[in-house]
Amino acid sequence: MIKDFYKKEKTLFSLEVFPPKKDSDFPAIYELLDTLKHLHPHFISVTYGAGGSHSKKTVDIASYIQNSCNIEALAHMTCVGCNDTSLLSICQELKTANVHHILALRGDRPKDMTDEQFHRKTFSHASNMVAFLKNNTDFQIAGACYPEKHFEAKSMDSDIMHLKEKCDAGVDFLISQLFFDNDLFYYFLEKAKKNNIALPISAGIMPITTARQLTTTVSLSGSSVPKKLSDMIAKYEGQEEDLRKAGIEYAIHQIQDLLHHGVDGIHLYTMNKSVTASEIFFAVR
C-alpha cells in the first residue's frame, strides 16, 4: 500500500499517465505501461475525465497497472459530476479490479453541465468526497495540493486552510500540482507544516519539451514560469531536439535539488512519453 511506502522509503518515485481519447489507441497505453514498469516506480496514477466521462478507461488502465504490471495503481476520481450512488458504483468497479487507492479531486465543471446542475452537485469540494469515501469505503485516499495555491483560492492562507480541511477529512498522502520553481514548493511546505499538515507530500514535476506544451501547461495549471525556464524556451525556439534535451535537463536539476532537500516523493507527469520519463528516472535514481 502506498501509505506504507512513505513510511519505509526516504523518497518515493511515481508516474502519471492519462487514458487515450480514442479506443483504438488503447494498445499504445498498455505498451507504454509495459515500458514504464521497468522504471520500478512505487506507484502509477491514471487520470480521469470530468464528470466521469472516462471513468471506464481509468478503471481499465488502473487494473492493468495493478494486476499486469504489479505496481500500485492510483486511480484519479473527480466528484463534480458525481452523486453518492455513481461514486460508489465506480468504487465497486475499482475494488473488483483489485485497485486500492484513489486520488480524490473536485475536477473541472463538464461543458454540458447546466448552472442548476452545478449548484445542486452532491459534492461541492474534494474534501466532501474524501469524507464520504472514508465513511463508506476502505480505499487509501490521496489528495491534491497547490504550491502556488489553487487558481480559485483568494489567498495562499485560505488555500492552506481548505487543504487542512481535506487532510482532516481523511486524506492519507498528498501530490502537488506541477511547478517550475522549487523555492515556491519549499515555501508551501513551510506553510503546510505551520498549519499542522503532516502528511507525506510528493512534488509534481512536468518536463517541458516543447514551447507549445509550456503555454498549455501554464494556462491549465496556473503555474508561474521562472525567467530561467522562459529564457530556455526562447533560446531553443525552432530547435525541437535541443529544446527537448534542455527541458529534460531542467526537470532533472529540479528533481536533484528536491532530493537534496529531502522531499517525500517525486511524482512525474509523463505526458505518456516513456522515453522522456526513462531519461529522467535514470538520471535521478
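How much area does the protein chain expose, and what share of it do carbon and sulfur atoms supply? I looked this up before anything else. The protein chain exposes about 13,800 Å². Carbon and sulfur atoms supply 50% of that area. I note here that the model is predicted.

**Overall fold**

I turned to the secondary structure next. The chain has 12 helices and eight strands. I then checked the overall dimensions. The C-alpha trace spans about 50 × 45 × 45 Å along its principal axes. For 285 residues, a compact globule would have a radius of gyration near 19 Å. The chain has 18 Å, so the value agrees with a compact globule.

I also looked at burial and contacts. Of the 285 residues, 52% count as buried. Among contacts with a separation of 6 or more, 82% join residues 24 or more positions apart.

**One residue: L74**

I picked L74 for a closer look. L74 sits in strand 3, which runs over residues 72–78. Is L74 buried or exposed? Its relative accessibility is 0%, and the cut-off for buried is under 20%. L74 therefore counts as buried.

I listed its contacts, leaving aside neighbours within four places in sequence. L74 touches I2, then F43, I44, S45 and V46. H101, I102 and L103 are also in contact with L74. A142, F173 and I175 complete the list.

I computed one C-alpha distance as well. L74 and T58 are 16 residues apart along the chain, and their C-alpha atoms are separated by 9.7 Å.

**The second largest pocket**

I went on to the open spaces. The second largest pocket has a volume of about 260 Å³. It is lined by 14 residues, and those closest to its centre are L189, E190, K193, I201 and D264. Which helix gives the most to this lining? I found that helix 8, residues 182–194, does so with six residues. By class, I count nine nonpolar, two polar and three charged residues in the lining of this pocket.

**The cavity**

I finished with enclosed space. How many cavities of 30 Å³ or more does the structure hold? It holds one. The largest cavity has a volume of about 50 Å³. Its lining includes Y146, P147, E148 and K149. Q177 and L178 also line the largest cavity, as do S221, G222 and S223. I sorted this lining by class: three residues are nonpolar, four are polar and two are charged.

Conventions:
Residues numbered from 1 in each chain as written. Predicted model: local features only at pLDDT ≥ 70, side-chain atom pairs only at ≥ 80, totals over all residues. Heavy atoms only, no water. 1 Å grid on protein atoms, 1.4 Å probe; cavity = no way out; pocket = protein on both sides within 12 Å on 5 of 7 lines; lining within 4 Å. Points joined across faces, edges and corners; volume = space filled by probe spheres on them. Helix = DSSP H or I, 4+ residues; strand = E, 2+ residues; numbered from the N terminus. Nonpolar A, V, L, I, M, F, W, Y, C, P; charged D, E, K, R; others polar. Rg over C-alpha atoms; globule rule 2.2 N^0.38 Å. Buried < 20%, exposed > 50% of the residue type's maximum accessible area, 1.4 Å probe, protein only. Contact = heavy atoms within 4.5 Å. Areas by Shrake-Rupley, 256 points an atom, 1.4 Å probe, with all protein chains shown as cover.
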